[in-house]
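Colleague: Got a minute to walk me through this model? I'd like to go through it piece by piece.

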Amino acid sequence: MPLALIPASAHAGAWSTVQDWGNEAVDGFRLIRDQGTPELYLSGYARHGRSTYTKERLDELNEKAWGLGGGWRLRNARGNDDIVYALGISDSHFKPQLMVGYAHEWIYPMGGSGLELGLGYTAILMSRRDYFGGFPFPVALPLASIGSRDIKLRASYVPRLSQHKGNGDVLLLFVSMGI
């Protein structure tokens with residue numbers, strides 16, 4: 001009944017906005033894929049916060065988050081990176097964690113060294129067996145990197161999700177390499 005109170009033109013306008021946003025996202029993905037540099041991702045370590053988990057729980061958790069992925073990175077006109085990717089890792093419970101996402105990093109060259117620092121975010125569609133029965137769900141996380149333009153150590157952080165111990169506070173480290 002409440003939708004009936006909203007004029008039909010507003011429905012059409014809202015749907016048009018959603019369609020425009022979707023079209024822009026698809027066009028952005030295609031641009032990164034078609035003009036970007038292909039990358040390989042190797043994951044290997046997830047550190048769980050020592051003050052968030054008990055010693056017994058830490059002994060049970062997997063910190064060897066081995067995984068593999070690929071994607072494309074495009075250095076945009078402002079000198080920052082736009083990235084689309086897919087990555088699969090072994091989660092904290094030794095189960096598959098699958099992710100597809102978009103990332104944006106603001107790039108800061110470190111003098112004339114050829115090294116650069118990246119700070120940004122990633123928006124992910126993630127699937128884990130212990131959340132929603134494996135049904136994909138959205139996540140937004142911070143992202144940082146250090147390295148050369150083509151080889152970087154990257155880090156993302158899942159903050160502590162509640163005041164109770166044993167939830168969140170995980171740092172994931174992985175390497176990206178242009179191929």
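Colleague: Where does phenylalanine 132 lie?

Modeller: Keep in mind that this is a predicted model. Phenylalanine 132 isn't part of a strand; look between two of them. The loop you want is the one between S5 and S6.

Colleague: And is phenylalanine 132 buried or exposed?

Modeller: Its relative accessible area is 60%. The cut-off for exposed is over 50%, so phenylalanine 132 counts as exposed.

Colleague: What is the phi of phenylalanine 132 near?

Modeller: Most residues other than glycine have a negative phi. Phenylalanine 132 is not a glycine, yet its phi is positive. The value is near 55°.

Colleague: Which loop holds aspartate 169, and what is its phi?

Modeller: Aspartate 169 lies in the loop between S7 and S8. Here too we have a residue that is not a glycine with a positive phi. For aspartate 169 the angle is about 60°.

Colleague: Is aspartate 169 buried or exposed?

Modeller: The relative accessibility of aspartate 169 is 14%. Buried means under 20%, so aspartate 169 goes down as buried.

Colleague: Let's move into S8. How does leucine 173 count at 24% relative accessibility?

Modeller: Leucine 173 lies in strand S8. Under 20% would be buried and over 50% exposed. At 24%, leucine 173 therefore counts as partly exposed.

Colleague: Which residues is leucine 173 in contact with, leaving aside neighbours within four places in sequence?

Modeller: There are two stretches to look at. One set of contacts is Leu153, Arg154 and Ala155. The other set for leucine 173 is Ser43, Gly44 and Tyr45.

Colleague: How far apart in space are leucine 173 and tyrosine 157?

Modeller: In sequence, 16 residues separate leucine 173 and tyrosine 157. Going C-alpha to C-alpha, the distance in space is 8.9 Å.

Colleague: How many bridges join S1 to S8, and which residue in S8 stands opposite leucine 42?

Modeller: S1 and S8 run antiparallel, with 9 bridges joining them. In that pairing, the residue in S8 opposite leucine 42 is valine 175.

Colleague: How many bridges join S1 to S2, and what is the partner of proline 38?

Modeller: S2 covers residues 67-75 and runs antiparallel to S1, with 7 bridges between them. Take proline 38 and look across to S2. Its bridge partner there is tryptophan 72.

Colleague: Stepping back, what pattern does the protein chain follow along the sequence?

Modeller: The secondary structure comes to 2 helices and 8 strands. Read along the sequence, the chain has the pattern α-β-α-β-β-β-β-β-β-β.

Colleague: What share of the contacts with a separation of 6 or more comes from residues 24 or more positions apart?

Modeller: The chain has 179 residues, and buried ones make up 36% of them. Its C-alpha trace spans about 60 × 45 × 25 Å along the principal axes. As for the contacts with a separation of 6 or more, residues 24 or more positions apart account for 51%.

Colleague: Now the pockets. Which element gives the most to the lining of the largest pocket?

Modeller: The largest pocket has a volume of about 690 Å³, and 41 residues line it. Nearest its centre lie Gln97, Met126, Arg128, Val158 and Val170. By class, the lining has 25 nonpolar, 11 polar and 5 charged residues. The element that gives the most, with 5 residues, is S3.

Colleague: Which element gives the largest share of the lining of the second largest pocket?

Modeller: The second largest pocket has a volume of about 220 Å³. Its lining includes Trp21, Phe29, Val84 and Tyr121, and divides into 8 nonpolar, 2 polar and no charged residues. The largest share, 5 residues, comes from H1.

Colleague: One more: which side chain does a polar contact of 2.9 Å join to that of serine 90?

Modeller: Serine 90 lies in strand S3, residues 81-90. Not counting residues up to four places away in sequence, serine 90 touches Asn62, Lys64, Ala65, Trp66 and Lys95. The side chain joined to serine 90 by the 2.9 Å polar contact is that of asparagine 62.

Note on methods:
Residues numbered from 1 in each chain as written. Predicted model: local features only at pLDDT ≥ 70, side-chain atom pairs only at ≥ 80, totals over all residues. Heavy atoms only, no water. Helix = DSSP H or I, 4+ residues; strand = E, 2+ residues; numbered from the N terminus. Polar contact = N/O pair within 3.5 Å; in protein donor to acceptor, adjacent residues only side chain to side chain. Contact = heavy atoms within 4.5 Å. 1 Å grid on protein atoms, 1.4 Å probe; cavity = no way out; pocket = protein on both sides within 12 Å on 5 of 7 lines; lining within 4 Å. Points joined across faces, edges and corners; volume = space filled by probe spheres on them. Nonpolar A, V, L, I, M, F, W, Y, C, P; charged D, E, K, R; others polar. Buried < 20%, exposed > 50% of the residue type's maximum accessible area, 1.4 Å probe, protein only. Pairing = 2+ DSSP bridges.
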